[in-house]
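Colleague: I would like to go through this model with you. I will ask how you know each thing, and you show me the reasoning.

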Amino acid sequence: MIVIDFHFYEPHAGHGLPHDPLNAIVAPRPIGWVSTVAADGTRNLAPYSFFNLFNYRPPIIGFASVGWKDSVTNIEATGEFVWNLATRPLAEAMNASSTMRKVDEFSETGLETLPSKLVAPPRVAASPVQFECHRTQMLRLTAADGGETDTWLVLGEVVGVHIDPAMLKDGVYQTARARPILRAGGPSEYFEPGAAFHMTRPE
């Protein structure tokens with residue numbers, strides 16, 4: 001029997017390590033690169049590392065915002081957003097769009113846009129995939145003791161999907177071909193997919 005002296009901690013008491021390991025353990029994570037427009041038409045583009053797909057039919061995606069940020073304000077006001085796939089060639093622009101300054105991130109990063117078909121927010125033209133979304137729910141997360149956190153979960157139904165045909169092979173989407181980037185741990189670590197392997201789900 002192998003006995004391991006695990007590093008154990010209770011999060012409320014601190015982790016006792018140089019950097020919080022939680023987001024390095026739950027990793028790598030897809031990036032929610034979300035474009036919105038304010039009620040007055042001001043554009044916003046911001047990345048969120050707490051992001052994922054939660055349902056097939058209807059397709060529902062979501063992201064969590066730590067703090068009530070412009071994206072959340074805009075989605076609450078308009079009910080719309082666009083998710084743009086963040087890729088390795090777009091990594092630096094994605095990172096630049098994470099600024100907390102009050103700017104038009106599209107102009108600030110030099111990213112060109114494309115109009116959406118069903119929603120008002122623009123798409124990142126250089127991104128190979130974009131999802132147009134209608135807000136379905138906005139939830140304030142609560143702790144086990146019922147206390148409210150300063151984190152908001154935003155869920156949206158994907159009502160329109162744009163895919164660069166170069167990402168398809170015989171009609172099948174090629175995940176690695178797009179070179180999606182994934183958030184890892186620490187203050188600066190990212191990944192892009194490496195070797196794939198296949199397993200068939202048992203019946």
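**Salt bridges and surface**

Modeller: Five salt bridges are counted here. Keep in mind that the model is predicted.

Colleague: What makes Lys-102 and Asp-70 a salt bridge?

Modeller: The cut-off is 4 Å between a side-chain nitrogen of Lys or Arg and a carboxyl oxygen of Asp or Glu. The closest N and O atoms of Lys-102 and Asp-70 are 2.7 Å apart. That is within 4 Å, so the pair is a salt bridge. The two residues are 32 residues apart in the chain. Lys-102 sits in the loop between helix 3 and helix 4, and Asp-70 is in helix 2.

Colleague: Why is Lys-102 called exposed?

Modeller: Exposed means over 50% relative accessible area. Lys-102 has 68%, so the word fits.

Colleague: And why does Asp-70 count as partly exposed?

Modeller: Buried means under 20%, exposed means over 50%, and partly exposed is in between. Asp-70 has 30% relative accessibility, so it is partly exposed.

Colleague: How do you know that Arg-88 forms a salt bridge with Glu-92?

Modeller: Their closest N and O atoms are 3.3 Å apart. The limit is 4 Å, so the pair counts. Side chains of opposite charge can pair when their charged atoms come close.

Colleague: Which word describes the exposure of Glu-92?

Modeller: Glu-92 is exposed, because 51% is over 50%. Arg-88 has 33%, so Arg-88 is partly exposed.

Colleague: What makes Arg-179 and Glu-192 a salt bridge?

Modeller: The N to O distance is 2.9 Å. This is within 4 Å, so the rule is met. Arg-179 lies in the loop between strand 12 and strand 13, and Glu-192 in the segment after strand 14, so the pair ties together parts 13 residues apart in sequence.

Colleague: Why is Val-161 allowed in a nonpolar patch?

Modeller: Patch residues need over 30% relative accessible area. Val-161 has 49%, so it passes that cut-off. Val-161 is found in strand 10. Together with Ile-163, Leu-168 and Tyr-173, Val-161 forms a nonpolar patch on the surface, with about 310 Å² of accessible area.

Colleague: How do you know that strand 4 and strand 5 pair?

Modeller: Pairing needs at least two bridges. Strand 4 and strand 5 have four bridges, so they pair, in the antiparallel sense. Leu-53, for one, has Ile-61 in strand 5 as its bridge partner. A hairpin of four residues joins strand 4 to strand 5.

Terms used. Residues numbered from 1 in each chain as written. Predicted model: local features only at pLDDT ≥ 70, side-chain atom pairs only at ≥ 80, totals over all residues. Heavy atoms only, no water. Buried < 20%, exposed > 50% of the residue type's maximum accessible area, 1.4 Å probe, protein only. Patch = residues over 30% accessible without salt bridge, like charges linked within 9 Å, V, L, I, M, F, W, Y side chains within 5 Å. Areas by Shrake-Rupley, 256 points an atom, 1.4 Å probe, with all protein chains shown as cover.
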